[in-house]
Amino acid sequence: MQSVTVELGAASTMELVNALSTIATELATRQAPESAAACLELTETLATATDMQESAMASFIGRVDVAGEQQRWGYPSTRAWLRSKLGMRESRAKERLTLARQRHRIPQVAKRLAAGDLSYGYATTIADSVARLDDIDCAQAEATLLEMADQGFSAGKVASFGQRIRDVIAERDGTEDAPDADTKHGYDKSWITTTRSLDGGRYIKGWLNPEDAAIWDGTLAPLAKPAGPDDRRDVSERTAAALSSVLSGGHKATKVTVICDLETLTGGNAPARLTDGTPIPAAQARRIALAAGVSPLLLGRGNTPLYLGYRERFASAAQRQVLETLYPTCAVRECETPGTLCEVDHVGGWALGRSPTDIDQLALTCGWHNRFKHTSPDQIHITKDQDGRYVYRLLPPPDAHRRTGGGPPDGTGPPDTTLTWAA
């Protein structure tokens, strides 16, 4: 059992976090009390304490986000760091990042969350509701939504009212064009809805069925690659630029890769798949071949991609097809960038033509991690998995000194056997 002695008033933030970690470790191993009534009370108390911890975490995340510290550790964005390193699902990462970025605009929410007077659920709901409002409307919306929370409305109803506030503001400013929020389209047909924002832009949401998704990927992926080493746009920004290029007519021909047996294309029933792993029924694969123009990737015995190696500087189109089959996402384990948006990387580096551009010496990495690997090679550890794919793992920067647990700052000495708090 670990322990730490902390004088609350004089303790550093690091010491407080370590003390909290020690308590959490001990609490997690305890059996729940037999009394259900006691468990209900403990749950409510612990939830309030957890909400206050979320307030502290939001301030930490905000500082990391503003400074861009996550990039030194190999993560292209704060959200990527939250998803990959902290294991958050996309919705939770977005939720925490929104709160971190909006805290200074909703001071009453931030104050009450830190004091344990407002739950994390309400705080994140209000933060999301005001994220696209200007400062004047934000202040009014904060007061209104806090009042609803105080009256006992659920977080879901507060969120709905927040949406209503945005609609009213859009109507006031003459920017409304809200579509019918119909979720009964199903999954057979594609659909897209758009809503105008306060500044004249548009929010877009929708669904593409597998056939249209294949055309989307085949058309936009080649256009959404980084324009060069100085291109600092993230994937979403490059994808939007690619879409604008297509809409303006400045796009290339669609490329769709369907991975299947020859028998599938000639009438068989064996399913096919897209390069991102999406399963495609045989009949649908044949429709894609007719409608979009299919690039068949023939597989050898045991579904092993045929060897297509060349000793040239740039990978061939055929090699890239194979790589997109092997790497549905960036080779960096923590990165979720689709392989179709990645660059071909020479695993051992390429210099003066001495490194072969052979298929077994290549991998796919996103543009950001491709540059990161070049500038920080000591922060990438490369291995191969059992299927022969290269796996890149991120390592901490050389000057990082990270420690865990509740031990003393220098990490020496065994833990005590008691936990003492001095207020």
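Which side chain meets D65 in a salt bridge? Select D65 and R101: their side chains meet in a salt bridge, 2.9 Å from N to O. A salt bridge here is a side-chain nitrogen of Lys or Arg within 4 Å of a carboxyl oxygen of Asp or Glu. The pair links distant parts of the chain, with D65 in helix α2 and R101 in helix α4, 36 residues apart.

This is a predicted model, in which local features need pLDDT of at least 70 and side-chain atom pairs count only at pLDDT 80 or more, while totals for chains, interfaces and linings use all residues. Residues are numbered from 1 along each chain as its sequence is written, and side-chain values use heavy atoms, with hydrogens and water left out.

**Whole chain**

Show the entire protein. Its secondary structure comes to 14 helices and 12 strands. Helices (H or I, at least four residues) and strands (E, at least two) are DSSP runs, numbered from the N terminus. The protein exposes about 24,800 Å², of which carbon and sulfur atoms supply 55%; accessible areas come from the Shrake-Rupley method with a 1.4 Å probe, and for residues only the protein chains shown count as cover. Of the 423 residues, 34% are buried. Buried means under 20% relative accessible area, exposed over 50%, and partly exposed in between (1.4 Å probe, protein chains only). Among contacts (heavy atoms within 4.5 Å) between residues at least 6 apart in sequence, 57% join residues at least 24 apart.

**Salt bridges**

The count of salt bridges comes to 15. Return to the opening pair and colour by accessibility: D65 counts as buried at 19%, whereas R101 counts as partly exposed at 43%.

Next select R30 and E26, whose side chains meet in a salt bridge at 3.0 Å, N to O. R30 is exposed, at 54% relative accessibility, and E26 is partly exposed, at 22%.

Then take R72 and E69, a salt bridge whose closest N and O atoms are 2.9 Å apart. R72 is partly exposed, with a relative accessible area of 35%; E69 is also partly exposed, at 28%.

Finally, select R79, R83, E90 and E336 together, since a network of salt bridges links them.

**Nonpolar cores**

A nonpolar core is a set of buried Ala, Val, Leu, Ile, Met, Phe, Trp, Tyr and Cys residues joined through side-chain atoms within 4.5 Å. The largest one has 30 residues, and L82, Y327, A363 and Y392 have the most contacts inside it. To see where this core draws its residues from, show α2 (36–67), α3 (78–84), α4 (90–102), α13 (317–326), β9, α14 and β11, each of which gives two or more.

Centre on L82. Leaving aside neighbours within four places in sequence, L82 is in contact with I61, G87, M88, A93 and L97. Apart from the largest core lies another, of 22 residues, among them L99, I106, M148 and I165.

**Helices α13 and α14**

Why is α13 largely enclosed by the rest of the structure? Because 7 of its 10 residues are buried. Select Q319, R320, Q321, V322, L323, E324 and T325 to see the buried residues of α13.

Move on to α14 (residues 367–375). Here 7 of the 9 residues are buried, so α14 is also largely enclosed by the rest of the structure. The buried residues are G367, W368, H369, N370, R371, F372 and K373. Their cover includes β8 (343–346), β9 (362–365), β10 (380–384) and β11 (390–394).

**From Q379 to the hairpin**

Q379 lies in the loop between α14 and β10. Is Q379 buried or exposed? Q379 is buried, with a relative accessible area of 5%. Not counting residues up to four places away in sequence, Q379 touches R72, W73, F372, R393, L394, L395, P396, P397 and P398. R72 is the residue that forms a salt bridge with E69.

Now show β10 and β11, which pair in the antiparallel sense over 5 bridges; two strands pair if DSSP finds at least two bridges between them. K384 stands opposite Y390 in β11. The hairpin of β10 and β11 has 5 residues between the strands, and G388 takes a positive phi near 90 degrees. As a last selection, take β11: this strand is mostly covered, with 4 of its 5 residues buried.
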